[in-house]
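Here's a quick walk through some charged pairs and one helix contact. Have the model open while you read.

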Amino acid sequence: MLNHSFLPYIIKKIFVLSASLLLLSLAVFYISRLAPGDPLVSYYGDRVEKMTPDERIWAEDQLGLRDPLHTQYIRWLSNALHGDLGISYKYKTDVIDVVRSRIQNTLLLGGLGFLLIFTLALLLGTVCAWFEDRFIDRLICRAGVITSCIPEFWLALMLILIFSVWLKVLPSSGAYTFGHEQDISSRIVHLILPMTVVVMSHLWYYAYMIRSQLVEEIRADYVLLAKSKGLSKKRILFRHCLRNALPAYLSIMAVSVPHILGGTYIIETVFSYPGLGTLSYESARFKDYNLLMVLCLLSGALVMICGMAAQIMNEWIDPRLRAQQADQKQA
């Protein structure tokens with residue numbers, strides 16, 4: 001049975017999400033149209049240069065670009081609320097179909113990268129806490145600091161130079177070999193370099209978090225009590241310290257989704273990986289307004305939902321937050 005206070009809480013979150021997406025759509029709509037560039041180039045290509053002034057006016061009328069911006073926005077919003085998000089100027093098809101054709105590639109790269117990052121981060125953080133201030137801990141910490149300071153685009157270019165140009169053992173772009181879309185081995189080979197950059201760019205940041213959390217737990221009073229009772233270091237670390245640190249770690253995972261997603265978009269662009277990141281870059285570059293709106297709203301919604309999920313998780317995990325909210329309601 002649902003708690004009576006839960007339904008208003010969810011309604012409030014939905015209202016905040018809807019209002020935020022509305023403001024985001026308004027900002028993206030106006031900024032994209034006020035930015036320099038010619039959207040007709042995206043739709044008509046090089047033919048725009050040969051258009052007469054009358055033909056150009058006709059073309060802009062066909063795309064609804066001659067109306068005042070507020071009229072264009074109201075029309076777009078009305079169509080969007082009825083499920084019509086427009087067509088892509090560049091691809092001449094519905095924007096939903098364009099996004100659907102690319103989203104699986106981003107989910108594959110970003111999703112696997114996300115799982116690898118937090119699995120390896122948990123492993124590295126635990127190893128560092130186990131060997132705190134010893135050689136292995138210092139070695140991993142120094143290596144992690146160095147890798148976390150390397151810019152993603154530079155690391156990607158270096159890997160392309162070494163493994164694609166010099167050694168010629170791995171492809172430098174794409175998600176699969178042309179004509180082998182269903183070939184799993186081809187997809188794996190094309191994922192190696194971008195996945196390496198995704199993982200290396202974010203791994204130590206979260207590994208250090210779990211290390212710090214575990215080290216703090218190891219110094220807690222209950223650990224001294226457990227040691228006095230004769231419990232082994234292994235049992236204390238894995239049965240007590242790690243269990244207490246995991247809830248906060250799960251909350252960090254929810255918050256980190258936008259961080260990793262942004263890095264994935266950059267890496268997709270460098271590797272010409274056909275995902276939402278490359279699509280976002282193309283839509284902004286070629287002034288593909290409808291496609292840009294959908295991609296920005298999709299990314300924005302994901303960021304907001306993950307932020308709300310992290311907040312809900314924190315409130316559920318930490319009883320102090322629940323008590324604080326209860327006091328605020330009573331006041």
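Which side chain meets that of R211 in a salt bridge? The partner is D137, at 2.8 Å from N to O. Keep in mind that this is a predicted model, and the distance is computed from its atoms.

Where do the two residues sit? R211 belongs to helix α8 (residues 184-218), while D137 belongs to helix α6 (residues 135-148), so this pair ties together parts of the chain that are 74 residues apart in sequence. R211 has a relative accessible area of 12%, and because the cut-off for buried is under 20%, R211 counts as buried. D137 is buried too, with a relative accessible area of 2%.

**Other salt bridges**

The total count is 10 salt bridges. Another of them joins the side chains of R100 and D97, with 2.8 Å between N and O. Here both residues come from one helix, α5 (residues 95-130), and they are three residues apart, or about one turn of that helix. Are these two buried or exposed? R100 is exposed, with a relative accessibility of 51%, whereas D97 is partly exposed at 37%.

Then there's R75 with D67, whose side chains form a salt bridge at 2.8 Å, N to O. R75 has a relative accessible area of 33%, which makes it partly exposed. D67 is also partly exposed, at 33%.

Here are those three pairs side by side:

| Pair | N to O distance | Relative accessibility |
|---|---|---|
| R211 and D137 | 2.8 Å | R211 12%, D137 2% |
| R100 and D97 | 2.8 Å | R100 51%, D97 37% |
| R75 and D67 | 2.8 Å | R75 33%, D67 33% |

Salt bridges also link up into a network in this model, made of D38, R56, E60, D61 and R66.

**Where α10 meets α11**

Now for the helix contact. At what angle do the axes of helix α10 (residues 233-270) and helix α11 (residues 276-285) cross? The crossing angle is roughly 75°, and the axes come within 7 Å. Angles of 65 to 115 degrees count as roughly perpendicular, so that is how α10 lies relative to α11.

Which residues make the contact? On the α10 side they are Y265, E268 and T269, and α11 brings in L276, G277, T278, S280 and Y281. By type, the contact of α10 with α11 has three nonpolar residues, four polar ones and one charged.

Methods. Residues numbered from 1 in each chain as written. Predicted model: local features only at pLDDT ≥ 70, side-chain atom pairs only at ≥ 80, totals over all residues. Heavy atoms only, no water. Salt bridge = Lys/Arg side-chain N within 4 Å of Asp/Glu carboxyl O. Buried < 20%, exposed > 50% of the residue type's maximum accessible area, 1.4 Å probe, protein only. Helix = DSSP H or I, 4+ residues; strand = E, 2+ residues; numbered from the N terminus. Axes fitted to C-alpha atoms, helices over the stretch in contact; angles between N-to-C directions. Parallel < 35°, antiparallel > 145°, perpendicular 65-115°, else oblique. Contact = heavy atoms within 4.5 Å. Nonpolar A, V, L, I, M, F, W, Y, C, P; charged D, E, K, R; others polar.
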